[in-house]
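Q: I would like a close look at one part of this model. Please take the strands and the contacts that link them, and set them in the context of the chain.

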Amino acid sequence: MNTNAYIGVMLVIILILMREKQNKECVAAVRLRNKKVEGDKMEAMAKQFVGKTCLITIFGGSTVKGVLREVREHALLLDKKGKTQIVNLEFVTCIEEIPQKNKD
């Protein structure tokens, strides 16, 4: 093969690699946008539990119980026995209200 053929093959390979990189960046941007939209929805839904005693389930099955004080910037602020605990909303799989027992 002559030099022109090598240059042509190298240009094609470079173009293919550049195209692949561009596609990966586009996919990453779409995933990031979707994650933000889903996070905003979860944040909006979590706000209905503010002021209520809740059982929060996190990835891996661990749970946290406390009074949900505030929801902001993808975080839950819980009041647990007088101490504040922060839970990353991105790892929350379930928020369940725990009914208060009536003391009659």
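Among contacts between residues at least 6 apart in sequence, what percentage joins residues at least 24 apart? And which residues of the strands and loops take part in the links between them?

A: The share is 42%: that part of the contacts between residues at least 6 apart joins residues at least 24 apart in sequence. Keep in mind that this is a predicted model.

Start with the chain as a whole. It holds one helix and five strands. Along the sequence the pattern reads α-β-β-β-β-β. Of the 104 residues, 20% are buried. The exposed area is about 8400 Å², and carbon and sulfur atoms supply 58% of it.

Now to strand β1, residues 53–58. T53 sits in this strand. T53 counts as buried because its relative accessibility is 15%, below the 20% cut-off. Leaving out residues up to four places away in sequence, T53 touches K65, G66, V67, E96, E97, I98 and Q100. Strand β2 covers 63–72, and strand β5 covers residues 92–97. Among the partners of T53, K65, G66 and V67 fall within the β2 range. E96 and E97 fall within the β5 range.

L55 is also in β1. It is partly exposed, at 25% relative accessibility. With the same sequence neighbours left out, L55 touches T63, V64, K65, C94, I95, E96 and I98. K65, E96 and I98 appear in this list and in that of T53. G66 is eleven residues from L55 along the chain, and their C-alpha atoms are separated by 6.8 Å.

C94, one of the residues touched by L55, leads to the cysteines. How many disulfides are there? The count is zero. C54 is in no disulfide, and the nearest cysteine sulfur, that of C94, is 9.8 Å away. Seen from C94, the closest cysteine sulfur is in C54, and 9.8 Å is too far for a bond. A disulfide needs the sulfur atoms within 2.5 Å. The surroundings of the two cysteines can be stated as well. C54 is buried, at 0% relative accessibility. C94 is partly exposed, at 33%.

Next, the charged pairs. There are three salt bridges. K52 pairs with E97, the closest N and O atoms being 3.9 Å apart. K52 lies in the loop between α1 and β1, and E97 lies in strand β5, so this pair ties together parts that are 45 residues apart in sequence. Both ends are partly exposed: K52 has a relative accessible area of 33%, and E97 has 37%. E97 is also touched by T53.

R69 and D79 make another bridge, with the closest N and O atoms 3.6 Å apart. R69 lies in strand β2 and D79 in strand β3, so the pair ties together parts that are ten residues apart in sequence. R69 is partly exposed, at 47% relative accessibility. D79 is partly exposed, at 25%.

E70 and R72 also meet through their side chains, at 3.1 Å from N to O. E70 is partly exposed, with a relative accessible area of 32%. R72 is partly exposed too, at 42%.

From here the path runs into a loop. E73 is in the loop between β2 and β3. Its phi is positive, about 45°, although E73 is not a glycine. Most residues other than glycine have a negative phi. At 69% relative accessibility, E73 is exposed.

Then comes the hairpin. Strand β3 (residues 75–80) and strand β4 (residues 83–88) pair in the antiparallel sense over six bridges. One position in this pairing is L77, whose bridge partner in β4 is I86. Two residues lie between the strands of the hairpin. K81 is in this loop and takes a positive phi near 55°. Like E73, K81 is not a glycine. K81 is exposed, with a relative accessible area of 84%.

Last, the helix. Helix α1 spans residues 3–46. A nonpolar surface patch of about 690 Å² is made by V9, M10, I13, I14, L15, L17 and M18. M18 has its place in α1. M18 is exposed, because its relative accessible area of 53% is over the 50% cut-off.

Terms used: Residues are numbered from 1 along each chain as its sequence is written. This is a predicted model: local features need pLDDT of at least 70, side-chain atom pairs count only at pLDDT 80 or more; totals for chains, interfaces and linings use all residues. Side-chain values use heavy atoms; hydrogens and water are left out. Patches are made of residues with over 30% relative accessible area and no salt bridge: like charges are joined within 9 Å, nonpolar side chains (Val, Leu, Ile, Met, Phe, Trp, Tyr) within 5 Å. Accessible areas come from the Shrake-Rupley method with a 1.4 Å probe; for residues, only the protein chains shown count as cover. A salt bridge is a side-chain nitrogen of Lys or Arg within 4 Å of a carboxyl oxygen of Asp or Glu. Helices (H or I, at least four residues) and strands (E, at least two) are DSSP runs, numbered from the N terminus. Buried means under 20% relative accessible area, exposed over 50%, partly exposed in between (1.4 Å probe, protein chains only). Two strands pair if DSSP finds at least two bridges between them. Contact means heavy atoms within 4.5 Å.
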